[in-house]
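Please open the structure in your viewer and keep the selection tool at hand. The tour below proceeds stop by stop, stating what to select and what is found there.

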Amino acid sequence: MASVPVPALEARAVACADRLREADAVLHASHIDADGLTSGAIATTALRRADISVETVFEKQLDEAAIARMAATDFEVVLFTDFGSGQLDVIAEYEAEGAFTPVIADHHQPAGAGTDDRLDTEYHLNPLLEGIDGASELSGAGAAYLLARALAEVDGHDPRAENRDLAALAVVGAVGDMQASAGELTGANEAIVDEGVAAGVIETGRDLALYGKQTRPLPKLLEYASELQIPGISNDEGGSIRFLDGLDVDLKRDGEWRTWVDLEPEERKAVVSALVRRAVDRGVPASRIDGIVGTAYELAEELAGTELRDASEFSTLLNATARYERPDVGLAVCLGNRDGALTRARRLLANHRRNLSEGLNLVSREGVTSETHVQWFDAGDRIRETIVGIVAGMAMGTDGVDANKPIIAFADADEAETKVSARGSQALIRQGLDLSAAMTEAAKAVDGEGGGHDIAAGATIPEGMEAAFVENVDRIVGEQLG
Ligand code: C5P
Ligand code: C5P
Ligand code: ZN
C-alpha cells in the first residue's frame, strides 16, 4: 500500500494471518451491518482461497452471551471482524481459560481506550493501535482486507491470487460505515481504492454525490436527496420534475424514467450546474453546496444500473439484509450469488427503505428533546433497534433537529433492555466530542455496555434507565466540548 504509512499495521496483519494458517478450522464472527458483512465476505474468501476451513457467523452485538456461545464450540481459533476490540476484556478472559485463541481485525475503540488499562492481545489488527483513525481512515472491511492481503500467495501477479480483487468489497464496507461522508475516502481507505483501481475492480470519478445514481428515477433522485435540502427540490416531487423540465433534459426514454447513469456527460453537467445555481440562489450554505459533488466509487465488474454497481447503494442493500436477520442473504450477494440471493436482497431493500422513511417521519412528527449539550428521542418499538442509528444519523440537520448537537436515540431491544444509538458530526469532533467514550462511561454507570467510534457510537442499557443515561451523557458531552 503505497500512499499511507501502514507498515506497522501490515506487520499485525501478517501475525494474524500466520496464526490463522496454523489452525485446522476457524470460527469467524462478524457484525450485522454493511461493513460487517463485507468484512465477513472478505475474510471468508481469503481463508477459503488459502485452504483454511471456515465457518462464518454474524452477531447483532458481540456481548458476553455471544462470546460464550463461541467459546462453547470446538473451534480452537476464533476470528472476529468489525468487532472484538471493544470486547477485549471479555475475550481475554475466555482466552486465559483456554477456550479459544482470538484473532481480531477491527476498527472500534479497544476496551479501556483512553485509560491506563487499554487492553491488547497478540493477534490484533486495528488502525487505532497505529495512529490511524478507525472512524474515517479504515473500516472493519479495510482491516479484513489487510488480513486477506497477508493471507494471499505472495508472488501472484494475478489480482485474485493476491486477493486484491477484494478491495471492491472493502470500499463498499468503508462507504457503508459513512467513512466517505466528507466527499471522498482518505488515508488507508484511499490506498485500498488505489489497489482496487489497479486490479480493475473499482472505478472512481467526480460526480453528483447523491444516493441512488444507479437505480432511482431522476426526479426521485433529487426529491429524496435529504443531504442537499435545496428549497423547491428536496422533498418536493413536483418541484424536482419542474426543475428538470426547465433544463431540457429528457426525463423519459421509451416511456421509462431515466436514471442518472442513463444521462450523457453533457446532461449530467447541465444538471449539476443548475443544482449549484439553484442552491446559491436559495441561500444554501457553501459547505452544503460543496457537498453536491464528490468522489463516486463504482464496482467495475457489476452491471451499470444495478444497486451493486455503486458502493453506496450496494452498502444499503447489505444493511437491508443482515439488520433484518438475513445475514446469509447479504453474505451470498457479497460472495457473488446474483440469482436467488440478489432477488431476496432487493425485496428486503424495499422493506428497509420503507422503514427508514417511516422512522424519519416519526422523528419529524414527534421531534427531539433538547438538553444542554445533546438532543434525544425515544422510538420505543416503532423503529427497529438495528436501524435506529441509521435513522438518527439521517435525521441530523433535518427540520427540528439541530445539526450542531449530538443526537441520542432509544429503541426497545430484547430482554428488558434498551438500545441506544448516538451520532455526531465532524465539527463536533473537532470541538472534542468522543461519543464512544461518552457511551461507554454513561452505559457503565447504569449497568449497561457501550462503545463505537468518536462520531458514531452505541450502547445497551437496562430498560427504565433512559433518563439517568441521558443525564450522564449530557454531562459527559458537556465536559468533552467544554
Ligand atoms: O459497527 P460499525 O463500525 O460498523 O458502525 C459504524 C456506524 O457508524 C455506521 O452505522 C455508520 O453509519 C456510523 N458512522 C457515521 N458517520 C461517520 C462514521 C460512521 O454515522 N463519519
Ligand atoms: O448500532 P449503531 O449503528 O448505533 O452503532 C454505532 C456504533 O456503536 C457501531 O460501531 C457499533 O458497533 C457500536 N456499538 C457498540 N456497543 C453497543 C452498541 C453499538 O460498540 N452496545
Ligand atoms: Zn464497521
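**First stop: a charged pair in a helix**

Select Asp18, which is partly exposed, with a relative accessible area of 37%. This is a predicted model, and every stop of the tour should be read with that in mind. Next, add Arg21 to the selection; this residue is partly exposed as well, at 38% relative accessible area. Asp18 and Arg21 form a salt bridge, and their closest N and O atoms are 2.9 Å apart. In general, side chains of opposite charge can pair when their charged atoms come close. Both residues belong to helix α1 (residues 7-22), where they are three residues apart and therefore separated by about one helical turn. An α-helix has 3.6 residues a turn, so residues three or four places apart point the same way.

**Second stop: further salt bridges**

Now select Lys220 and Glu237. A salt bridge joins Lys220 to Glu237, with 3.7 Å between the closest N and O atoms. This pair links distant parts of the chain: Lys220 lies in helix α8 (residues 218-223) and Glu237 in helix α9 (residues 237-245), 17 residues apart. Lys220 counts as partly exposed at 23% relative accessibility, and Glu237 is partly exposed with a relative accessible area of 44%.

Move on to Glu267 and Arg258. Their closest N and O atoms are 3.0 Å apart, and the two residues form a salt bridge. Are Glu267 and Arg258 buried or exposed? Glu267 has a relative accessibility of 15% and counts as buried; Arg258, at 2%, counts as buried too. The cut-off behind this is that a buried residue has under 20% relative accessible area.

Then select Arg19, Glu22 and Glu76, which a network of salt bridges links together. How many salt bridges are found in the whole structure? The search finds 23.

**Third stop: a covered helix**

Select residues 167-176, which make up helix α6. How many of its ten residues are buried? The answer is ten of ten, and the helix is mostly covered. Among these buried residues are Leu169, Val171, Val172 and Val175, together with Gly173 and Gly176. Extend the selection to Met178, just after α6, where phi takes a positive value of about 65°.

**Fourth stop: from helix α17 to strand β14**

Select Ala438, which is placed in helix α17 (residues 435-445). Ala438 counts as buried, its relative accessibility being 0%. For a sense of distance, select His352 together with Ala438: 86 residues separate the two in sequence, and their C-alpha atoms are 29 Å apart in space.

Continue along the chain to Asp447, in the loop between α17 and β14. Asp447 is exposed, with a relative accessible area of 72%. Although Asp447 is not a glycine, its phi is positive, at about 70°. Another residue to select for its backbone is Ala416, in the loop between β12 (407-412) and β13 (417-423). Ala416 is not a glycine either, yet it has a positive phi of about 55°.

**Fifth stop: a negative surface patch**

Select Glu449, found in strand β14 (residues 449-452). Glu449 is partly exposed, at 49% relative accessible area. Now add Glu64, Asp89, Glu93, Glu97, Glu415 and Glu417: with Glu449, these residues form a negative surface patch.

**Sixth stop: a buried loop residue**

Select Leu129, in the loop between β5 (124-125) and α5 (140-151). Leu129 counts as buried, with 15% relative accessibility. Add Glu266 to the selection: Leu129 and Glu266 are 137 residues apart in sequence, and 46 Å apart in space from C-alpha to C-alpha.

**Last stop: the whole chain**

Clear the selection and view the entire chain, which has 18 helices and 15 strands. Its radius of gyration is 22 Å, close to the 23 Å that the globule rule gives for 482 residues, so the chain is as compact as a globular protein of that length. Turn the model about its principal axes: along these, the C-alpha atoms fill a box of roughly 70 × 55 × 40 Å. What share of the residues of the chain counts as buried? Of the 482 residues, 54% do.

How values were computed:
Residues numbered from 1 in each chain as written. Chains lettered and ligands numbered in written order. Predicted model: local features only at pLDDT ≥ 70, side-chain atom pairs only at ≥ 80, totals over all residues. Heavy atoms only, no water. Patch = residues over 30% accessible without salt bridge, like charges linked within 9 Å, V, L, I, M, F, W, Y side chains within 5 Å. Areas by Shrake-Rupley, 256 points an atom, 1.4 Å probe, with all protein chains shown as cover. Salt bridge = Lys/Arg side-chain N within 4 Å of Asp/Glu carboxyl O. Lys, Arg positive; Asp, Glu negative; His and termini not counted. Charge placed at Lys NZ, Arg CZ, Asp CG, Glu CD. Helix = DSSP H or I, 4+ residues; strand = E, 2+ residues; numbered from the N terminus. Buried < 20%, exposed > 50% of the residue type's maximum accessible area, 1.4 Å probe, protein only. Rg over C-alpha atoms; globule rule 2.2 N^0.38 Å.
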